[in-house]
Amino acid sequence: MASVPGGAFVGATVDSRERFYGAIFLGYGVAWVYVARRSPVPVVAVRWLAGIFLLGGLGRLLSLVVHGRPHWFQLVLTAVELGLPPLYVWLAGREGKTAAGGVHGSGTTTIA
């Protein structure tokens with residue numbers, strides 16, 4: 001629990017829960033890496049992963065409303081979790097349109 005800003009020792013139950021979440025987050029991160037390395041990027045998978053990310057941010061927002069202001073870093077994380085998913089969905093949609101048009105990406109970007 002020392003990694004939680006403003007956290008304190010809370011016992012075996014919360015420690016167990018946090019270790020479970022650590023494994024889940026590791027799996028979630030591996031899923032993002034797997035999906036991001038596909039060519040073309042699987043748009044449906046990105047939308048699902050972004051939706052899960054957004055739900056985490058909405059959960060933090062609900063906690064803010066119900067229980068009040070957490071540590072400032074949690075507010076930063078909330079902003080990231082609410083802001084990035086729409087960007088990911090938009091970028092995946094662009095990649096999906098490019099792939100649908102028969103262009104699968106050469107790994108390079110041309111800026112005009």
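Begin by selecting Glu-81, which is buried, with a relative accessible area of 11%. Glu-81 counts as buried because its value falls under 20%. The model on display is a predicted one. Glu-81 has its place in helix H3. Which residues is Glu-81 in contact with, leaving aside its neighbours within four places in sequence? Show Phe-53, Leu-54, Gly-56, Gly-57 and Arg-60, and the list is complete.

**The whole chain**

Now display the entire chain as a ribbon. The chain contains 3 helices and 0 strands, and its pattern along the sequence reads α-α-α. Helix H1 covers residues 12-36, whereas H2 runs over residues 43-67 and H3 over residues 72-100. Of the 112 residues in the chain, 17% are buried. If the surface is switched on, the accessible area comes to about 8400 Å², and carbon and sulfur atoms account for 68% of that area. Contacts may also be considered by their span: among those between residues at least 6 apart in sequence, 58% join residues at least 24 apart.

**The aromatic residues**

How many aromatic pairs does the structure hold? There are 6 aromatic pairs. Select Tyr-28 and Trp-32 to view an edge-to-face pair, with 6.3 Å from centre to centre and 90° between the planes. Both Tyr-28 and Trp-32 belong to helix H1, where they stand 4 residues apart, about one turn of the helix. Are these residues buried or exposed? Tyr-28 is buried, and Trp-32 is buried also.

Next, select Phe-53 and Tyr-88. Phe-53 and Tyr-88 form a stacked pair, 6.5 Å centre to centre with 20° between the planes. This pair links distant parts of the chain, since Phe-53 is in helix H2 and Tyr-88 is in helix H3, 35 residues apart. Tyr-88 has 27% relative accessibility and therefore counts as partly exposed. Show Tyr-28, Trp-32, Phe-53 and Tyr-88 together: these residues form one aromatic cluster.

**The nonpolar core**

Keep Tyr-28, Trp-32 and Phe-53 selected, and add Val-35, Val-41, Val-43, Val-46, Leu-49, Ala-50 and Ala-92. The result is the largest nonpolar core, which has 10 residues. Helices H1 and H2 each supply at least two residues of this core. The largest share, 5 residues, comes from H2. In soluble globular proteins, nonpolar side chains tend to be buried together.

Within this core, centre the view on Leu-49. Not counting residues up to four places away in sequence, Leu-49 touches Tyr-28, Ala-31, Trp-32 and Val-35.

**From Ala-92 to Ala-36**

From Ala-92, a member of the core, proceed to Ala-36. What separates Ala-36 and Ala-92 in sequence and in space? They are 56 residues apart in sequence, and 9.5 Å apart in space from C-alpha to C-alpha. Ala-36 lies in helix H1. Ala-36 counts as exposed because its relative accessibility is 53%, and the cut-off for exposed is over 50%.

**A patch on the surface**

For the final stop, select Phe-20, Tyr-21, Ile-24 and Phe-25. These residues make a nonpolar surface patch of about 440 Å². Tyr-21, one of the residues of the patch, lies in helix H1. Its relative accessible area is 36%, so Tyr-21 is partly exposed.

How values were computed: Residues are numbered from 1 along each chain as its sequence is written. This is a predicted model: local features need pLDDT of at least 70, side-chain atom pairs count only at pLDDT 80 or more; totals for chains, interfaces and linings use all residues. Side-chain values use heavy atoms; hydrogens and water are left out. Patches are made of residues with over 30% relative accessible area and no salt bridge: like charges are joined within 9 Å, nonpolar side chains (Val, Leu, Ile, Met, Phe, Trp, Tyr) within 5 Å. Accessible areas come from the Shrake-Rupley method with a 1.4 Å probe; for residues, only the protein chains shown count as cover. A salt bridge is a side-chain nitrogen of Lys or Arg within 4 Å of a carboxyl oxygen of Asp or Glu. Buried means under 20% relative accessible area, exposed over 50%, partly exposed in between (1.4 Å probe, protein chains only). Rings of Phe, Tyr and Trp (its six-membered ring) pair if their centres lie within 6.5 Å; planes under 30 degrees apart count as stacked, over 60 as edge-to-face and the rest as tilted. A nonpolar core is a set of buried Ala, Val, Leu, Ile, Met, Phe, Trp, Tyr and Cys residues joined through side-chain atoms within 4.5 Å. Contact means heavy atoms within 4.5 Å.
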